[in-house]
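Here's a quick briefing to read alongside the coordinates. Have the viewer open and click through the residues as they come up.

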Amino acid sequence: MPVQHSRASLHAFYADALRNGRNTGEELRAPVSARFRSLLTSLPADIPRRALDLGYGAGAYTIALAEAGFSVVAVDQAPAEPLFRRLSPHEDLAERVTVVESLIEQYVVEEDFGLLVAKDVLHYLSQHDVEAVLTRAVQSSRSVNMHYLEVFAGISRTDAHGGQIHIEGEARYTLETLSHALERIYEGWDTTVAWDDHAEQDTRTQRTYFEATRATVTAVRRCRVSAVAVTMKGREAS
Ligand SMILES: C[S@@+](CC[C@H](N)C(=O)[O-])C[C@H]1O[C@@H](n2cnc3c(N)ncnc32)[C@H](O)[C@@H]1O
């Protein structure tokens with residue numbers, strides 16, 4: 001039988017690590033990936049420069065987005081103070097970032113964000129909540145939008161005795177259930193998924209405690225010219 005860890009203990013773990021600037025086995029303080037850097041340099045020119053970073057952690061992705069000229073709404077359940085501290089020496093970046101201390105599942109997307117980022121966080125939510133949050137963002141989409149997600153599927157998390165650990169309420173996606181959810185959420189969007197094996201080691205003992213397949217998802221909504229606009233244009237020309 002897997003051991004269940006509560007969501008409260010998970011949230012406290014991150015709040016403590018972030019408050020104390022600790023680097024965890026997943027490298028909370030790592031810079032953004034080369035893949036994400038290259039995505040930032042190849043965005044559609046007409047993408048709105050507003051971004052949403054769900055589960056920002058130590059803030060690497062939020063800061064990279066602000067440096068790329070986005071104004072950013074950064075959402076995490078952890079206290080906002082560590083990110084404010086990180087931003088405070090950079091007035092130009094700080095004024096572009098709004099920090100929201102909230103559970104992702106309680107944050108309602110109401111804006112047309114050009115870029116939505118959710119890295120290494122959605123697996124902690126229930127499948128229902130992941131679908132609700134992302135579907136809501138899709139419904140709020142009015143222009144060229146991109147969603148960049150890194151989501152773990154097929155997770156195996158083990159304790160020092162080899163026992164399995166589950167976290168209360170987590171999605172527990174298989175590759176198949178995640179693929180099907182993405183198909184439902186991003187119907188009509190251009191979606192690509194790269195699947196990579198991923199493992200994390202305990203920083204003290206080097207024991208591998210986390211293995212999974214990471215899905216890196218890029219979903220793009222291209223702006224469609226509405227049928228009405230095309231019809232009106234046709235009439236003007238005739
Ligand atoms: C593995 S870290 C990822 C941080 C960051 N996205 C990155 O990749 O550098 C997960 C983050 O998600 C946050 N988190 C986990 N579950 C959450 C939830 N339900 N609502 C809001 N934040 C959550 C944690 O506090 C933590 O900061």
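What follows is a short tour of the ligand site, the nonpolar cores, the salt bridges and a couple of backbone oddities. Keep in mind that this is a predicted model. The ligand is well wrapped, with the protein burying 97% of the 590 Å² that the ligand exposes when taken alone. Beyond that site, there are two separate nonpolar cores to look at, plus twelve salt bridges.

**Ligand site**

- The ligand has 20 residues around it, and G55, D76, Q77, I104 and K119 are the closest of them.
- Helix α1 is the top contributor to that shell, giving four residues.
- G55 comes in through its backbone: one of its N or O atoms sits 2.7 Å from a nitrogen atom of the ligand.
- D76 uses its side chain instead, with a polar atom 2.6 Å from a ligand oxygen.
- Q77 also offers a polar side-chain atom, this one 2.7 Å from an oxygen atom of the ligand.

**Nonpolar cores**

- The largest core has 41 residues, and the members touching the most others are L52, L54, L122, L149 and Y186.
- Both helices and strands feed this core: α1, β2 (50–54), β3 (71–76), β5 (115–119), α6 (127–139), β6 (145–157), α7 (175–185) and β9 (208–221) each put in at least two residues.
- Helix α6 gives the most, with five residues.
- For a close-up, try L54: skipping neighbours within four places in sequence, L54 is in contact with V75, I104, Y107, L116, V117, A118, K119, V121 and V133.
- That contact list includes I104 and K119, which are also among the residues closest to the ligand.
- The second core is separate and has 29 residues, including L40, Y61, L93 and V97.

**A closer look at L18**

- L18 sits in helix α1, which spans residues 7–19.
- Is L18 buried or exposed? Its relative accessibility is 10%, so L18 counts as buried, the cut-off being under 20%.
- Leaving out residues up to four places away in sequence, L18 touches L28, G57, A58, A78 and P82.
- The P82 contact spans a long stretch of chain: L18 and P82 are 64 residues apart in sequence, yet their C-alpha atoms are 6.6 Å apart in space.

**Salt bridges**

- As background, side chains of opposite charge can pair when their charged atoms come close.
- D196 pairs with R35, with the closest N and O atoms 3.3 Å apart.
- That pair links distant parts of the chain, since D196 is in strand β8 (residues 190–201) and R35 in helix α2 (residues 34–40), 161 residues apart.
- Both ends of the bridge are partly exposed: D196 has a relative accessibility of 29%, and R35 comes in at 39%.
- R157 bridges to E170, and here the closest N and O atoms are 3.0 Å apart.
- R157 is in strand β6 and E170 in the loop between β7 (165–167) and α7, so this bridge ties together parts 13 residues apart in sequence.
- Which way does this pair go, buried or exposed? R157 is buried at 8% relative accessible area, and E170 is buried with a value of 8% too.
- D120 forms a salt bridge with K119, the closest N and O atoms being 3.0 Å apart.
- Within that pair, D120 is buried at 16% relative accessible area, while K119 counts as partly exposed at 22%.
- The D120 and K119 pair belongs to one network, in which salt bridges with shared partners join K119, D120, E150 and R214.

**Backbone oddities**

- E27 is not a glycine, but its phi is positive, at about 60°.
- You'll find E27 in the loop between α1 and α2, where it counts as partly exposed at 47% relative accessibility.
- Q206 is another residue other than glycine with a positive phi, near 70°.
- Q206 belongs to the loop between β8 and β9, and it is exposed, with a relative accessible area of 52%.

Note on methods: Residues are numbered from 1 along each chain as its sequence is written. This is a predicted model: local features need pLDDT of at least 70, side-chain atom pairs count only at pLDDT 80 or more; totals for chains, interfaces and linings use all residues. Side-chain values use heavy atoms; hydrogens and water are left out. Buried means under 20% relative accessible area, exposed over 50%, partly exposed in between (1.4 Å probe, protein chains only). Contact means heavy atoms within 4.5 Å. A nonpolar core is a set of buried Ala, Val, Leu, Ile, Met, Phe, Trp, Tyr and Cys residues joined through side-chain atoms within 4.5 Å. A salt bridge is a side-chain nitrogen of Lys or Arg within 4 Å of a carboxyl oxygen of Asp or Glu. A residue is near a molecule or strand if one of its heavy atoms lies within 4 Å of it. A polar contact is a pair of N or O atoms within 3.5 Å; within protein, one must be able to donate a hydrogen and the other to accept it, and residues adjacent in sequence count only if both atoms are side-chain atoms. Accessible areas come from the Shrake-Rupley method with a 1.4 Å probe; for residues, only the protein chains shown count as cover.
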